[in-house]
Every structure is written in structure tokens, then in C-alpha cells.
Amino acid sequence: MTILIPAYEPDERLLDLIIRLQDYQLCSIVIVDDGSGPAYRGLFQTAEAFGCDVLTHSVNLGKGQALKTGFKYIQEARLPGYVVCADSDGQHLPHDIKRIADILLNQPTPGIVLGSRRFSGKIPLRSRFGNSVTRGVFSLTTGTKICDTQTGLRGFSPSMLDWLCRIPGDRFEYEMNMLLAAREEGYKITEAFIDTVYLDHNKSSHFRPLVDSFRIYLPILMFSTSSLLSALLDFTLLFLFQRLTHNLFLSVVGARLCSSIFNYSVNRKYVFTSGKKSRLQSLPKYFSLVILVLLFNYGLLYFYNEQLIIPLAAAKILTEISIFLFSYWAQRRFVY
């Protein structure tokens, strides 16, 4: 068993965690110093004296890159057994880390085991709010409910290391991208509830609420931008074809076909890039979805425009809003 700990400017709690983990007689502990600088060199040298393998980034590259550095080292050094990642700030208790390792040992197939916090009791507001928003967005866009999408306590089978190194993202968004890509690879996600520990209101966390939240939600934002541009194209062509043909069905079909080709190209290249399927795999699925969405689109548009007598422009806007989340969820889960 190998414990991987990414660390940026840690304090004595890292050394305390190492000592307590050694009581469980785990195979090895790998620590990645993510550019902490000369002021922290003594602490990492002490970790080495305790028998840990310490890898060093000359500058701060982010948690995602630190994890990839550790995964690559574990793979190349052929360190034995499963891999459990834990944070260096004292949030993850040794008995919970050991529990994740025990669950991995009993898993019949490779997968991810998350040490999920319950967020009960006195939890810092930014942590409670951030996890609630991320959990809701993840559930809406993937159809999968995970209680703690931002936990750093995660366990993996050794056969997953190569895949883990290929997942995009260098900072905190890497952990979200991992969960998004897991279903595409067929990896099961298992949750085990752990103790929730926040010391000094989580002041030691290096999570930047604005910048790192933006990185985490970037796939959703990119999809929204792609959908907006496609909707504008669809909107413009609908009125153009309607003026030329005076046939609502033909106008909807023509506009949707053109905007769908644009949307497929943009989403495949810029949005759903992790574990990207070939065109032969994704194109038939995408246009099967287009036909389904087209039927929904026409049905809703007909209902709003013809039955409720809502103007065509307003009816079109209502229709696009109605199918937005369904389209994202379906493309993420089935197409790309």
C-alpha cells in the first residue's frame, strides 16, 4: 500500500500524520513538495528521515500536477499495492486513511474510493457552501449523486495510474475532472463517510475561492458558452427559414441541423476533452441525441407558440432553457 500526500507550505501536522500512519505499517509514503520553497526544506528533510520518499517541484504547479507527479513516480518505481491520496493539513485522520485502504483491498474491480465528509456540525461557511454548489452542479450535469466531490482523500487501484496521469487539469479542477472522466472509463465511484476535521476554520487551505472555483466549473461554463452560440445560430436560422418557407417544422429542422453541426464540433474540440471518443463513436450518438432533442424542441416550441399563443421569439427562449440541462447531461454521459 502506498500513501501519496501532495504538500504546499505544510506545517508540523504533516510530520504528525506521517508518524501516526507509520503505526499502521503501510508499505510506503510518498510526499510531493509542490514548490514550498527553502523555508520548508527542513520539514521535508525530516519527512525523508522518517522514511518517506519526497519529490520536489521547484515552483508551485498546483495540486493536480503534484498528484500526477506522485502517480508517475509510484508507477515507475513499481511501488506495491493500492494508492491512497491524503491531504497534508490534518483534515484526514490516519484511521480514515486506513479505512479507505481496507475498502480498496475488498473491491472486486478497479475503481475510486472517496473519503466523503458529512458536513455536519461546525463547518466553515465557505467549505459548506462550496461543496453544496459543486455537489449540486455535479449531480445535475452527470446524473450521479456524490456527497463530497471535493474530498482529497481518495483511493485507487494500481492499474488506474496511467489513466490518472492523463486526466487534464493542474490545480484543484483536476479532482473534479477525475470524477467526470471516471464514468466514461467505466470506473465505479464508492463513498465511505469519514470524520470531518477543520482546524482554525480551515485557514491552512490553499484553495482560492474565486480562481479555483472558476477552474472547477470551467467545463460547465464552456458548455454554456457553446450552447449559447449554438442557440443564437439556431435562433437566427429559425426566423430566416420561417420567412422563406412559412413552415414551422421545416424551419425547426433546418435551423437545428445547422446549429447541431456547429455545436458538435465545438463541444468535441473544446468542452468534452477528457477520455474523448473517436468521431465514429461519438458522431452517431450525438446526432441520435439531436433527433431526440429536435423532437422535444419542436414539441415544446409548438406548445408554447401554438397552444399558449406565446410569440415565437419568447417561445424559442423558453424551449432552449427547458432542454439545456438535459442536453449537457446526455452529452457528458452518453456521447463524449
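Tutor: Before we start: a residue is called buried when its relative accessible area is under 20%. And keep in mind that this is a predicted model.

Student: Okay, so is Asp148 buried or exposed?

Tutor: Buried, because its relative accessibility is 0%.

Student: Where is Asp148 found?

Tutor: In the loop between α5 (125-142) and β6.

Student: And what does the side chain of Asp148 reach?

Tutor: The backbone nitrogen of Gln150, at 3.3 Å.

Student: Since β6 came up, how does it pair with β5?

Tutor: Strands β5 (residues 111-117) and β6 (residues 154-156) run antiparallel to each other, with 3 bridges. Within that pair, Val113 sits opposite Gly155 of β6.

Student: What's the strand order in the whole sheet?

Tutor: Reading across, β3-β2-β1-β4-β6-β5-β7. That makes an open sheet of 7 strands with mixed pairing.

Student: Which strands stand at the edges?

Tutor: β3 (53-57) and β7 (188-194). Each has a single partner strand, so one side of each has no neighbour in the sheet. On average, neighbouring strands here are turned by 20° against each other, ignoring direction.

Student: Switching to helices: which residues of α4 are buried?

Tutor: Pro94, Asp96, Ile97, Ile100, Ala101 and Leu104.

Student: What do they pack against?

Tutor: β1 (2-7), α1 (12-22), β4 (83-85), β5, β6 and β7.

Student: Why would buried positions on a helix be spaced like that?

Tutor: An α-helix has 3.6 residues a turn, so residues three or four places apart point the same way.

Student: Last one: what span should α4 have?

Tutor: For the 12 residues of α4 (residues 94-105), 16 Å is expected at 1.5 Å a residue, and the end C-alpha atoms lie 17 Å apart, which agrees.

Definitions and conventions
Residues are numbered from 1 along each chain as its sequence is written. This is a predicted model: local features need pLDDT of at least 70, side-chain atom pairs count only at pLDDT 80 or more; totals for chains, interfaces and linings use all residues. Side-chain values use heavy atoms; hydrogens and water are left out. Two strands pair if DSSP finds at least two bridges between them. Helices (H or I, at least four residues) and strands (E, at least two) are DSSP runs, numbered from the N terminus. Axes are lines fitted to C-alpha atoms, for helices over the stretch in contact, and angles run from 0 to 180 degrees between N-to-C directions. Buried means under 20% relative accessible area, exposed over 50%, partly exposed in between (1.4 Å probe, protein chains only). A polar contact is a pair of N or O atoms within 3.5 Å; within protein, one must be able to donate a hydrogen and the other to accept it, and residues adjacent in sequence count only if both atoms are side-chain atoms. The expected span of a helix is 1.5 Å times one less than its number of residues. Contact means heavy atoms within 4.5 Å.
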